[in-house]
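Thanks for coming. I will go through a few local features of one chain, cysteines to begin with and then the surface.

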Amino acid sequence: MAYDDLLKHLGDFGRYQKRTYFLLCLTSITCAFHRLSTVFIAPKALHRCLMPYETAGNANFTLPVDRPVNLSLPWDESTGNWSQCLRLDANFTEQYFQDGLPNSETVPCQDWVFDHSKYMSSLVFEWNLVCDKGWLRSLADTVFMLGILIGAVVFGHLSDRYGRKPIFFFSLVLQVVGGVAAGFAPEFLPFVLARLFLGMSTSGVTLVAYIIGMEMVSPSKRIYAGVIIYYFFTIGYIFTAFIAYAIKDWRQLQIALSLPGIAFFVYWWFIPESARWLLAKGRDAEGEKILKKIAKVNGIDLSDGTLDKFLRDSQQEDEKSEQTRQASIFDLFKYPNLRRNSLIIFFLWFVNSCSYYGLSWNVSNLGGNDYLNFLISGLVEIPAYTFILFALDRLGRKVTLCGSMLVGGCALLLCILVPDDCSWLLITLAMIGKMALTASYGVVYLFSAEQFPTVVRTAAMGVSSTAARLGGILAAFIYDLADVWKPLPLIVIGTLALLAGVSSLILPETLHKTLPETIEDGEQFGRRSNKEVKNEVIEAAREEAGK
């Protein structure tokens, strides 16, 4: 497009773009805080009933020597341990303990005592989110992911209507307010509502920041710019481990992770409105002012005549595009090839999001030190993103995506063979899987955008994002499968990754290919015509005859 040509003229990724993009990328750090902090804000721990002879404030998780566990708690065959949700129904007198004959009747716990050997504080402990209330912990994560979904739809629409800058700034403010409100929530319901708005805000921040960044970077640099922002999210991932290690109280941790967002309030004076959006809305004077500022900072000579020519060409192309934009998202499902490819892409988004958040949240189920596991889980993302930077234009999108998912899936499925007492091997395989699937998550956005026809690309990517959020919602419940069998979450994610990796082989490669513009192009994309097949056969026959 003419506007993209103008960006090339201004300097593909000049000083002005780098400076602004760096500021935008910094906001990904705090978004990572909130998306991953649930590991330390709501950790689970071993628990047991508070016995009638104990008081809530003074009870220790380990029962007194003169109150044997077999006379207090029933054995749970399903977990192979003492029950965490029932106690024996007895009078617990001195005579009862002297007789040493446990009562066979049980009653549900009314209150609980938690094992604080790993965590001193958790919203699970404070609100007793265990046993018949255990699903509420997963519900909190589900509502947060639902907030991300709602935020993508709402803030994406609002940024198109009212501008990128005001919606971006509003999302930054909402993120701080929602985060602090969650830290002060007196009960579970207000906490969940705060997390809903917090999820919406993180979606608004990341989505609009990405749009602003991409609209000021030329097409040749967008792949690298798109991957660079992932590194900043990883920095936030790693910082979360250190902050959580230093702050043990979950409320203080929630507030500590939220307050750094206040620093971004100064962005109102540093982050410009998108020139592309201004021009699209007919606010040419404001858009031209920003473009001239970009040219000045980048040291590019941009005369009024040159600028006017670019803008006229851009306007003419936009008018042509508007005339041909008659397709809708439903057209993706009217044609067999396009329908099949679209469904595969939606499945890829679902699995990648489910895998990423499922593995990130599951670190506390692996055994060993949760803080160290979480730190390693963040560190493995650095080689993953570095790999795709070099692989995308060398190996191609398809090979990089498929290979990463197959490697990740196989590593996770190998966890079936790990003995129960070999936590180090389970952690190693989980981290290999996390690294590989992080790489695939970084590729899927670009690969998907290049698969969809231009006329429905934005809408199709919106549906893909919705599929990803649904995958994140499922991840919240996959975490709980570890209560049944510790490797089970890894096996489920590994199976999904293998299925998605194999299905991606059906999609056509997009590297060095002319991308589809219309629905018809999309239906034919990746297909070889009969003429092409015939020519290949003739050429092969000629080569054989020449031998």
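C49 has a relative accessible area of 0%, so it counts as buried. Please keep in mind that this is a predicted model. C49 is bonded to C109, with 1.6 Å between the two sulfur atoms. In sequence the partners are 60 residues apart: C49 sits in strand β1, residues 47-49, and C109 is in the loop between β5 (106-108) and β6 (112-114), so far as the assignment goes. C109 is buried too, at 8% relative accessibility. As for handedness, the torsion about the S-S bond of C49 and C109 is about -70°, and the disulfide is therefore left-handed.

How many disulfides does a search of the whole structure find? It finds two. The other pair is C85 and C131, whose sulfur atoms lie 2.0 Å apart. C85 is in the loop between β3 (81-82) and β4 (86-88), while C131 is in the loop between α5 (123-126) and α6 (135-162), so this bond ties together parts 46 residues apart in sequence. The S-S torsion for C85 and C131 is about -95°, which makes this disulfide left-handed. Are these two cysteines buried or exposed? Neither: C85 is partly exposed with a relative accessible area of 29%, and C131 is partly exposed with 26%. Counting bonded cysteines along the chain, the pattern is 1-3, 2-4.

Now two cysteines without a bond. For C31, the closest cysteine sulfur belongs to C25 and is 11 Å away, which is too far for a bond; the cut-off for a disulfide is 2.5 Å between sulfurs. C31 is buried, at 0% relative accessible area. C354 is in no disulfide either, and the nearest cysteine sulfur, in C415, is 15 Å from its own. C354 also counts as buried, with 0% relative accessibility.

Next, the surface. Which residues form the positive patch? They are R15, R19, K289 and K293. Two helices each give two or more residues to this patch, namely α2 (15-36) and α12 (284-298). R19 belongs to helix α2. With 44% relative accessibility, R19 is classed as partly exposed.

There is a nonpolar surface patch as well, made of L414, I416, L417, V484 and W485. Together these residues have about 520 Å² of accessible area. Where is I416? I416 is in the loop between α17 (397-413) and α18 (423-451). Its relative accessibility is 44%, so I416 counts as partly exposed.

One last position is a glycine. G261 is located in the loop between α10 (250-258) and α11 (275-280). G261 is buried, having a relative accessible area of 2%. Along the chain G261 and V177 are 84 residues apart, and their C-alpha atoms are separated by 9.5 Å.

To recap the cysteines: there are two disulfides, C49 with C109 and C85 with C131, while C354 is in no disulfide. On the surface, there is a positive patch that includes R19 and a nonpolar patch that includes I416. I will take questions now.

Methods: Residues numbered from 1 in each chain as written. Predicted model: local features only at pLDDT ≥ 70, side-chain atom pairs only at ≥ 80, totals over all residues. Heavy atoms only, no water. Patch = residues over 30% accessible without salt bridge, like charges linked within 9 Å, V, L, I, M, F, W, Y side chains within 5 Å. Areas by Shrake-Rupley, 256 points an atom, 1.4 Å probe, with all protein chains shown as cover. Salt bridge = Lys/Arg side-chain N within 4 Å of Asp/Glu carboxyl O. Lys, Arg positive; Asp, Glu negative; His and termini not counted. Charge placed at Lys NZ, Arg CZ, Asp CG, Glu CD. Helix = DSSP H or I, 4+ residues; strand = E, 2+ residues; numbered from the N terminus. Buried < 20%, exposed > 50% of the residue type's maximum accessible area, 1.4 Å probe, protein only.
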